[in-house]
Amino acid sequence: MSKNIEYGNVDEHYLEKRQLKKGAAGWILLAGLGVAYVISGDFSGWNLGLAEGGWGGLLIAFLLMGLMYVCMVFGLAELSSTLPTAGAGYGFARRALGPLGGFATGMAILIEYTMAPAAISTFIAGYVQALGILPESVPTWTIYLVAYAVFIGIHLWGVGEALRLMFVITAVAVIALIVFVVAAVGHFDASNLFDIEPTGALGSSAFMPMGISGLLASLVFGIWFFLAVEGVPLAAEESANPKKDMPRGIITAMAVLVVFGALMLLLVPGLAGASAMGESDNPLPEALRTIYGENSVLATFVNWAGLAGLIASFFSIIFAYSRQLFALSRAGYLPKWLSLTGKRKTPVLALIVPGTIGFILAIAVDGNGGVLLNVAVFGATVSYVLLNLSHIRLRVKEPDLPRGYRTPGGIVTTSIALVLASVAVIATFFVDILAAGIAAGVFLIALAYFWFYSRHHLVASAPEEEFAQIEAAEKGLK
């Protein structure tokens, strides 16, 4: 495949205009970034899986997808310590699977990271409306607009400032989850987990009321507990010591997310019932209000802090999509003007363009964040298949490549993640075949753009391309 690509000419100042700020994040900020990417998934979105598969179906989905993420994160810890570039997933796959594999991975990630903030913006609107701080006459699209405008603006201000602010917002959200757990644990009732009547579908029971098909549909929502933690390596070029900081940051983040995800899955429906929580757009405050009353101070606090959690993920995934788009554009896979950086070393257009697309889509689905969530998960799971393949391929292809960290279990670990990710891709079609089909169509159009145009106009001096050329040169010497 590499023989079928061509490198275009760029001026000598090309990379000078496409520089990110170095050393802006240590491992603690990276761990905070990993938690921030995902923490909104504890506050809203996952609970929709209760309506798809019941509590038992969602529990099994959580366990399977949690296993997938743990195995994949160990693989990513190795890859990010070995190839520390802003391209992250695209960069790893570029080295392992060639230009087409790299671009396909990058585009799948870009679909995920463009759709996820759009979905989260609808959940933000739900939490804002539950607080009653705006008149009912205020249209929800204005909430989406304010969220995108404010938080893209902060990212344009500077990466160090943005990551530190994100860390503070995430800390508030974590405190809210701890408060929720303390307030809820004494009122937990296991019978509330099984208040959905079995449907009579194949394999249905009180534990798994929608049967096998419900379990498959629940996989998408099991992913929402962890979606986007794989974005931590996108900060590689802006970290202080990527070979050490990346593995520490992403593994710490994953450990925190597993604990909180398990607690929310158990306690939220255990308070208010799986049936009611499967339809809620602000499940944590609503669960507390069923116990402590409509005017509960605790519920109001968790509502406000839950809004902080949603904002933390919204805010951090904006960072992620901008870095993925920046890297693909800088290397010529997407239009090069998208990777231009401003005076504060932030990728201006890579922040604004996907944000505009996400805002338009949030309006288009009329607040139905579940549709956008499914599209985001489609992109994510496709990228997970390719990322795990990349780890396996690099271990086989380049066993002597210097690695700052080595995955426990080696390719066995990432093979488990690969199988589970492949099942999860199929599951997106069980939830919404139209949304998943449209996402697949967009993905194929992007691949056609690469095949007919961008593979003839790549940039040899981009870091991800240099890694590939060094590998080719070393192979030639041997």
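**Salt bridges**

In this predicted model, a search of the whole structure returns 3 salt bridges. Begin by selecting R395 and E78, whose closest N and O atoms are 2.8 Å apart in a salt bridge. The two residues come from distant parts of the chain: R395 belongs to helix α13 (residues 369-397), E78 to helix α3 (residues 48-82), and 317 residues separate them. Colouring by accessibility shows R395 as buried, because its relative accessibility is 17% and the cut-off for buried is under 20%. E78 is likewise buried, with a relative accessible area of 2%.

Keep E78 selected and add R403. The side chains of R403 and E78 form a salt bridge, at 2.8 Å from N to O. R403 sits in the loop between α13 and α14 (411-431), whereas E78 is in helix α3, so this pair ties together parts of the chain that are 325 residues apart in sequence. With a relative accessible area of 15%, R403 is buried.

Next, select R95 and E398. Their side chains meet in a salt bridge with an N to O distance of 2.7 Å. Helix α4 carries R95 and the loop between α13 and α14 carries E398, so the pair connects parts that lie 303 residues apart in sequence. How accessible are R95 and E398? R95 counts as buried, at 5% relative accessibility, and E398 counts as buried, at 11%. To close this stop, display E78, R395 and R403 together: salt bridges that share partners join these residues into one network.

**The nonpolar surface patch**

Turn to the surface and select L67, V396, I411, V412 and I416. These residues form a nonpolar patch with about 410 Å² of accessible area together. Which element gives the most to this patch? It is α14, with 3 residues. V396 is a useful residue to pick out, as a member of the patch that lies in helix α13. At 56% relative accessibility, V396 counts as exposed, whereas R395, also in helix α13, counts as buried.

**The largest pocket**

Now display the largest pocket, which has a volume of about 640 Å³. Its lining comprises 26 residues; to centre the view, select M107, I111, T114, I357 and V442, which lie nearest the centre of the pocket. Then show the helices α4, α12 (348-364), α13 and α15 (433-452), each of which supplies at least two residues of the lining. The greatest contribution comes from α15, with 8 residues. Colouring the lining by residue class gives 24 nonpolar, 1 polar and 1 charged.

**The cavities**

The final stops are inside the protein, where the structure holds 3 cavities of 30 Å³ or more. The largest cavity contains about 60 Å³ of space. To outline the largest cavity, select L76, A88, G89, F92, I109, Y113, E230, G231, P233, L234, Q324 and L387. Helix α4 (residues 89-131) gives the most to this lining, with 4 residues. Helix α4 therefore recurs on this tour: it holds R95 of the salt bridge with E398, and it is among the helices that supply the lining of the largest pocket. How do the residues lining the largest cavity divide by class? The lining has 8 nonpolar, 3 polar and 1 charged residues.

Move on to the second largest cavity, where about 40 Å³ of space is found. Its lining can be displayed by selecting Y37, V38, S40, G41, I120, W224, L227 and I317. Two elements, α1 (27-38) and α2 (40-43), give two or more residues to this lining. By class, the residues around the second largest cavity are 6 nonpolar and 2 polar, with no charged residue.

For a last composite view, combine the salt-bridge network of E78, R395 and R403 with the nonpolar patch of L67, V396, I411, V412 and I416. Helix α13 appears in both selections, through R395 in the network and V396 in the patch.

Technical notes
Residues numbered from 1 in each chain as written. Predicted model: local features only at pLDDT ≥ 70, side-chain atom pairs only at ≥ 80, totals over all residues. Heavy atoms only, no water. 1 Å grid on protein atoms, 1.4 Å probe; cavity = no way out; pocket = protein on both sides within 12 Å on 5 of 7 lines; lining within 4 Å. Points joined across faces, edges and corners; volume = space filled by probe spheres on them. Nonpolar A, V, L, I, M, F, W, Y, C, P; charged D, E, K, R; others polar. Salt bridge = Lys/Arg side-chain N within 4 Å of Asp/Glu carboxyl O. Buried < 20%, exposed > 50% of the residue type's maximum accessible area, 1.4 Å probe, protein only. Patch = residues over 30% accessible without salt bridge, like charges linked within 9 Å, V, L, I, M, F, W, Y side chains within 5 Å. Areas by Shrake-Rupley, 256 points an atom, 1.4 Å probe, with all protein chains shown as cover.
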